[in-house]
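The following exercises concern a protein and the nucleic acid strands modelled with it. Each task is followed by a solution in steps.

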Amino acid sequence: MSVWSFDTETWLIQPGLLAPPLVCGSIAAAAPGSERLLDKAQARQFFREAIAAPDTHLVGANLAYDLGVMAADDPRFVAPIFAALEAGRLHCVQIREALIDIARGLYGVDPSTGRKLDDDEGARYPLALLVQRYLGFDISEDKKNPKAWRLRYAELDGVPVERWPTEAAEYPKRDARYTLDVFFRQEAVARETSNDGNLHAEADQMRAAFALHLASIWGLRTNGDSVAVLRERVEREWGENRAKFQAAGIYRADGTKDSKRLAALVTAAYDGQPPITAPSDRFPEGQVATDRDTLLGSGDALLEDLGKSGRVDKYKSTYLDVVEAGTSLPINPRFNVLVSTTRVSSDYQQLPQKGGIREVHEARPGFVYCSVDYGGLELRTMAQRAIWELGFSKMAEALNSGLDVHTLAAAEFLGASYDELLPKVKAKEPLAVAFRQLAKILNFGKGGGMTGGSLVYNARAKDRVSFCLLAKRADVCGVERVVVTVQRKPKRVCRACVEVAKELDTKWLNAWPEQRELQHRAKSRTYGGGFADVMIPGANILRGGCGYTQILNTPFQGLGAVGCKLAMWRVSREMYVDRRSPLYGSRLVLMVHDELISELLADDAQRMHDAAERKAYLMREAMKETTPDLAPAIEAEPALSRIMSKDVATVRDSSGQLLVWEPPTKRAA
DNA sequence: TGCGCCGGCGCC
DNA sequence: AAAGGGCGCCGGCGCA
């Protein structure tokens, strides 16, 4: 087996161009002095041979980027790249470091300070950091220099390498050397780390990283007319808000917010005893809270108004310019393939469901969006986790029998039978619907360690269930209040409500007895505020240093991510290299935890249908393998649309053929 | 002026 | 005894 590091130098990355033209490559083998600069032709030749050689491994720093460059340089590289990833022959020192740090409980943390690592354009483990960690010297100066060659290789494109300045020729060789040295030192460190530093999971993460990078390269388009309408509306509403609150001094004349003034107003509205935020290093006593809920509960008309009007600020500052850019060039979302739970993170996973931001995204001409998400994924992974850890799960039994687990838990709360309650839920009887809604909050949150106080608060915030009504003591609500902690923030809730919540806790644990045992185990493992290591089942990825709630959360969140990544890989592979698949030629555009969004080729209605069904099938199969004891309960159906929207639904004609969903307004017109 | 921290809030 | 988790982005503030 031979191991080479491989790095490319390219033209600059630009909006809409994440795989810019290749200029040169650099490689290094284990032997000192083996590093070489390769001109464009040599780089192609090296890559062509190495990517196809069954005993050759390639190592990179953010290798997915270089793979994207090579794939764009020559489409004939695409298939061998997929094959090499399948074979586990490609490596990335950044992914490896994340895996090792997760095992240590130090993901994204600087061990010397305990603080979060800076994000370097989305990369939490840039090569400079790894060189510092493993080789003990500082190359960050190279990065800061705006005249550095690393940003200027386009100038050298076409110039014979013999005529390059020394520094331009040396820099790529150095990086190749560093990368491979880091790689081997990671091997040694991993051997000394619990669970071998999780490195056996590297290949899965590499595959996911490449699939995600291809999605980034392809990007998303937006509709110019829609964006113009959106901008007009958002800016008008924003202007109205600003005018309204400027008079009270909440906004200054220059349009910025006066947070101190706002805090003073909140303090006054709460008669000197405002809700405060959690203590921090800088503010050991906490600060005056100014969140929406605090404002809405202030009893002050103006502050309540402000609480209701929060959203357009966010739309304007976060999304407007981005979606506008998408009208002329693809928006390239950025993905981080591996965060501490094995989930994916991205700057494009938080598109608001309301407010019309999603709706400006439109599939390219000749394509249609296809969204497939898993139904209730984390309930299934939670149940699978229980089976693996305890040997049983009532929730798994219910899900596999096709029962609605929210109605089932609600029946437990009401002391009713499932068969009795289900028709009432279907008939939309208010009490039945309210209790099912309540059960949903518990099913969703309690498995992660949610407390009674938080439950009351969440139910109240959603304005769906009156706990005092449940207590048949409506008179006390709002009178006798106790402070509870909700996501590290103190909140005041009614004492009677908390008592009800405790009863519901017990009933919920009766419905899912495996949860009682899981909680008991998590408690005993963190007795006295301790921390413990947790295994993400299936992937056998160890997450170190977990507190109580993380012990409960990590396994089912991580297991879901594992299955989604497997599905994403298989879907992407058919899209890019399997000419016989109906998915061939279609493109993944987003992954949002339990959902894969693609642009499917839409020129042929039958193939579009087949592609959508194939994608959903691959997703179901991947998750069935990931959660084998929940196989009968895995649900994933395709929905087609021209634009993105939370309202997009599966639409079929009478023969079952998939149709493209149309927004309601369009149908009316 | 730049940077880090913090609160707040969007999503799953 | 207590405790949903995971993210990323933005603006404001305070410090250097």
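**Exercise 1.** Identify the residues that come nearest to DNA strand B in this predicted model, and describe the surface around that strand.

*Solution.*
Step 1. The surroundings of DNA strand B comprise 24 residues, of which T290, R292, Q350, Q353 and D594 come nearest.
Step 2. Sorted by character, the residues of this surface are 5 nonpolar, 8 polar and 11 charged.
Step 3. On the side of the nucleic acid, sugar or phosphate supplies 84% of the strand B atoms within 4 Å of the protein, and bases supply the rest.

**Exercise 2.** Determine which kind of oxygen of DNA strand B lies 3.4 Å from a polar side-chain atom of R115, and treat R311 and R358 likewise.

*Solution.*
Step 1. For R115, the partner at 3.4 Å is a phosphate oxygen of DNA strand B.
Step 2. R311 also places a polar side-chain atom by a phosphate oxygen of strand B, at 3.0 Å.
Step 3. For R358, the partner is a sugar or linking oxygen of strand B, at 3.5 Å.

**Exercise 3.** Describe the surroundings of DNA strand C, and state which element gives the most residues to the surface near that strand.

*Solution.*
Step 1. There are 42 residues around DNA strand C, and those that come nearest are K257, S340, G528, Y548 and N553.
Step 2. Of the strand C atoms that come within 4 Å of the protein, 68% are accounted for by sugar and phosphate.
Step 3. The surface residues near strand C fall into 6 nonpolar, 23 polar and 13 charged.
Step 4. Individual side chains may now be examined. An N or O atom in the side chain of S340 is 2.5 Å from a phosphate oxygen of strand C. In S317, a side-chain N or O atom is 3.5 Å from a sugar or linking oxygen of strand C. K314 has a polar side-chain atom 3.4 Å from a base oxygen of strand C.
Step 5. Elements that give two or more residues to this surface include α10 (259-269), α13 (311-325), α18 (430-445) and α23 (548-577), together with strands β7 (345-346) and β9 (481-486).
Step 6. The element that gives the most is α23, with 5 residues.

**Exercise 4.** Locate K624 in the fold and establish whether this residue is buried, partly exposed or exposed.

*Solution.*
Step 1. K624 belongs to helix α24, which covers residues 605-626.
Step 2. The relative accessible area of K624 is 27%. Buried requires a value under 20% and exposed a value over 50%, so K624 is partly exposed.
Step 3. Leaving aside residues up to four places away in sequence, K624 touches A631 and I634.
Step 4. K624 and E635 are 11 residues apart along the chain, and their C-alpha atoms are separated by 9.7 Å.

**Exercise 5.** Decide how the radius of gyration of chain A relates to the globule rule, and characterise the chain as a whole.

*Solution.*
Step 1. Chain A contains 25 helices and 17 strands.
Step 2. Its radius of gyration is 27 Å, close to the 26 Å that the globule rule gives for 669 residues, so chain A is as compact as a globular protein of that length.
Step 3. The C-alpha trace of chain A spans about 85 × 65 × 60 Å along its principal axes.
Step 4. Among contacts between residues at least 6 apart in sequence, 66% join residues at least 24 apart.
Step 5. In chain A, 50% of the 669 residues count as buried. The accessible surface of the chain comes to about 30,800 Å², and carbon and sulfur atoms hold 51% of that area.

Notes: Residues numbered from 1 in each chain as written. Chains lettered and ligands numbered in written order. Predicted model: local features only at pLDDT ≥ 70, side-chain atom pairs only at ≥ 80, totals over all residues. Heavy atoms only, no water. Helix = DSSP H or I, 4+ residues; strand = E, 2+ residues; numbered from the N terminus. Buried < 20%, exposed > 50% of the residue type's maximum accessible area, 1.4 Å probe, protein only. Contact = heavy atoms within 4.5 Å. Near = heavy atom within 4 Å. Polar contact = N/O pair within 3.5 Å; in protein donor to acceptor, adjacent residues only side chain to side chain. Nonpolar A, V, L, I, M, F, W, Y, C, P; charged D, E, K, R; others polar. Rg over C-alpha atoms; globule rule 2.2 N^0.38 Å. Areas by Shrake-Rupley, 256 points an atom, 1.4 Å probe, with all protein chains shown as cover.
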